[in-house]
Amino acid sequence: PIPLDASAARSRLEELRARHRELDNSIEQLESSGADDIRIMGLKREKLRVKDSIAWLSSRITPDIIA
């Protein structure tokens, strides 16, 4: 495992969560305004990448503990 600076990791995690919320809001607005489906699909793909990054980083900060 790669050693992580805990405070930097938490800070990055907050950035990713904020980006995820921004993308969610943007997608919602574009869908309600009837915007281009291709643009919406691109934002949804980016949102999934951000979600994967959040999951990965979260697991690095708090690894699974098998009890």
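Modeller: Welcome! Buried means under 20% relative accessible area, exposed means over 50%, and partly exposed lies in between (1.4 Å probe, protein chains only). The model is predicted, so local features need pLDDT of at least 70 and side-chain atom pairs count only at pLDDT 80 or more, while totals for chains, interfaces and linings use all residues. Residues are numbered from 1 along each chain as its sequence is written, and side-chain values use heavy atoms, with hydrogens and water left out.

Biologist: Thanks! Which helix gives the most to the largest nonpolar core?

Modeller: A nonpolar core is a set of buried Ala, Val, Leu, Ile, Met, Phe, Trp, Tyr and Cys residues joined through side-chain atoms within 4.5 Å. The largest one here has 11 residues, including Ala9, Leu23, Val50 and Leu57. At least two of them come from each of helix 1 (6-32) and helix 2 (37-61), where helices (H or I, at least four residues) are DSSP runs numbered from the N terminus. The top contributor, with 6 residues, is helix 1.

Biologist: Leu30 is in that core too. Which residues does Leu30 touch, not counting those up to four places away in sequence?

Modeller: Contact here means heavy atoms within 4.5 Å. Two of the partners, Ile40 and Leu43, are fellow members of the core. The full set touched by Leu30 is Ala35, Arg39, Ile40 and Leu43.

Biologist: How many salt bridges are there?

Modeller: The rule asks for a side-chain nitrogen of Lys or Arg within 4 Å of a carboxyl oxygen of Asp or Glu. One example joins Arg17 to Glu14 at 3.4 Å, N to O, and these two sit 3 residues apart in helix 1, about one turn. By this rule the count is 6.

Biologist: Is Glu22 buried, partly exposed or exposed?

Modeller: Glu22 pairs with Arg19 in a salt bridge whose closest N and O atoms are 3.2 Å apart. Arg19, Glu22 and Glu46 are linked in a salt-bridge network. Because its relative accessibility is 42%, Glu22 counts as partly exposed.

Biologist: What do Lys44 and Glu31 tie together, and how far apart in sequence are those parts?

Modeller: The side chains of Lys44 and Glu31 meet in a salt bridge of 3.1 Å, N to O. Lys44 lies in helix 2 and Glu31 in helix 1, so the pair ties together parts of the chain whose separation in sequence is 13 residues.

Biologist: And what is the relative accessibility of Lys44?

Modeller: Its partner Glu31 is partly exposed, with a relative accessible area of 42%. Lys44 also counts as partly exposed, because its relative accessibility is 39%.
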